[in-house]
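Thanks for sharing this one. Here are my notes, set out as numbered points so that you can follow them with the model open beside you.

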Amino acid sequence: MKQKPTSEKERFIILDVMRGLSLMGIALANFPEFGLWTFLSSEEQAAMPTAAIDSTIRFLQYFLVDGKFYTIFSILFGIGFSLILSHHGTRIFLRRMAILVAIGFLHLMFIWSGDILLLYAVGGLLLTLFVKVTDRWLLAIAISLILIPICLDALTELANIQFAQPFYAKWWTVATANGITEENFATWLHDANSYTEVFAFLKQGAWERLWEFVEGHRLPKVLGLFIMGYLIGKHRLYARIKQLPMRRIFLLSLSVAIPTSILYAWSAVSGHPWGQTVHAVLYAVSVIPMSACYVSVVCLLYLQRPDCSVWRWIAAPGRMALTCYIGQSLTGIFLFYGIGLGLGMSFGLVHIELIALCVFVIQIVLSRVWFLFFRFGPLEWLWRLATYGHYFPILK
């Protein structure tokens, strides 16, 4: 019997809604880098006409966005694993992750150095090791993995153990070999007149990304969140949100998230005045509560008006998350790099975030129109063809 992907009738719209909202947050987090604003020096940022409001937006970005939507997306990834496991077993999931490794590598090397797909694929492969672990141990392992980065940061700060130093050295070796230096690093993509120049930046950017993953201890964080999502999916909590104390979850998470997120944002914009270890603690204790706050408030609104058409609009990009994620990268390149419109380094943070919101709104409309005629997003369809090994129609 041929195995098939989840049909439209089998989908839970609340998961697609969460995935769609996560894509919005990911756009808000990534577009300051696409717009090359993060490449500017503090003096250049301060010289922009929007500098005053940009400082407020930057604080709000750390307070409301940084890490929060990536956390939700990671938990949704774990839930997706539980769904595939219940329908098809680990073999299909492993095949799906192997293909995602290839997609992530191509995205990292040829489109954007800020890729997250390769990390997700590696984390997904590791996730299969925990299938037979009991719930109690799964929860303990997830919490431990999320807290491990704090210990690693403490070792770096107190014992001067530089885990990422080899990757940092390789990054600048490759950068120098391609003519990229600290002097032209910030302007390289803006001044690029050909894809050859962009590709030179991407080659060193791949090593920079590996350095960021190791320096930020991303893999244990992601794997811990995957396991949390797997636990949620295993017990199908997404299917019985009516029975969950969502209002209590919202109030509790909000009471924790507000003070800890304010402290985290202040630490981030102030250059970690209490040290990297304290900053890592603030990140750990603020990101998950704020993410839980977002999830619970969306669930409460959904329960009040489950038939509201707004949910289907927001869910549309969530149903084609891979296509929209890659689409955001291509849009950012077209708008801001020298091989496109060359608008990078021209806008302050407030305008870049408004552009990110506009891009997401356009993705909502395009996704909604797409699903009037098609069953899957274009990249999702190709991914499924390769995963299941047989053809199935994309047209409705």
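1. In which helix do Arg 209 and Glu 212 lie, and how many residues apart are they? Both belong to helix H10, with their positions 3 residues apart, about one turn of the helix. Please keep in mind throughout that this is a predicted model.

2. The side chains of these two residues make contact: Arg 209 and Glu 212 meet in a salt bridge, 2.9 Å from N to O. Their surroundings are worth a look as well. Arg 209 has a relative accessible area of 9%, so it is classed as buried, the cut-off being under 20%. Glu 212, at 27% relative accessibility, counts as partly exposed.

3. Salt bridges number 3 in the structure. Another of them joins Asp 16 to Arg 19, with the closest N and O atoms 2.8 Å apart. These partners are 3 residues apart in helix H1, so about one helical turn separates them. Asp 16 is buried at 3% relative accessibility, and Arg 19 is buried too, with a relative accessible area of 16%.

4. Then there is the salt bridge between the side chains of Lys 234 and Asp 135, at 2.8 Å from N to O. This pair links distant parts of the chain: Lys 234 sits in helix H11 and Asp 135 in helix H7, 99 residues apart. Both ends are partly exposed, Lys 234 with a relative accessible area of 37% and Asp 135 with 28%.

5. Now to the largest pocket, which has a volume of about 1,800 Å³. It is lined by 48 residues, and those closest to its centre are Tyr 62, Asp 66, Arg 209, Glu 212 and Arg 218. Both partners of the salt bridge in helix H10 therefore appear in that central group.

6. Which helices build the pocket wall? At least two lining residues each come from H1, H3, H4, H7, H10, H11, H12 and H13. Helix H1 gives the largest share, 6 residues. Sorted by class, the lining holds 26 nonpolar, 12 polar and 10 charged residues.

7. Arg 218, one of the residues closest to the pocket centre, also lies over the face of Tyr 70, at 5.4 Å from the ring centre. A similar arrangement is worth viewing elsewhere: Arg 368 lies over the face of Trp 313, at 5.4 Å from the ring centre.

8. A search of the whole structure gives 31 aromatic pairs. One of them is Phe 77 with Phe 226, a stacked pair with 4.2 Å between centres and 15° between planes. The two rings bring together distant parts of the chain, as Phe 77 is in helix H4 and Phe 226 in helix H11, 149 residues apart. Phe 77 is buried at 15% relative accessibility, and Phe 226 is buried at 0%.

9. Trp 370 and Phe 374 also form a stacked aromatic pair, at 4.1 Å centre to centre and 20° between the planes. Here Trp 370 counts as partly exposed, at 24% relative accessibility.

10. Last, please have a look at the aromatic cluster formed by Phe 39, Tyr 168, Trp 171, Trp 172, Phe 185, Phe 201 and Trp 211.

Note on methods:
Residues numbered from 1 in each chain as written. Predicted model: local features only at pLDDT ≥ 70, side-chain atom pairs only at ≥ 80, totals over all residues. Heavy atoms only, no water. 1 Å grid on protein atoms, 1.4 Å probe; cavity = no way out; pocket = protein on both sides within 12 Å on 5 of 7 lines; lining within 4 Å. Points joined across faces, edges and corners; volume = space filled by probe spheres on them. Helix = DSSP H or I, 4+ residues; strand = E, 2+ residues; numbered from the N terminus. Nonpolar A, V, L, I, M, F, W, Y, C, P; charged D, E, K, R; others polar. Phe/Tyr/Trp six-rings, centres within 6.5 Å; stacked < 30°, edge-to-face > 60°. Buried < 20%, exposed > 50% of the residue type's maximum accessible area, 1.4 Å probe, protein only. Lys NZ or Arg CZ within 6 Å of the ring centre and 35° of its normal. Salt bridge = Lys/Arg side-chain N within 4 Å of Asp/Glu carboxyl O.
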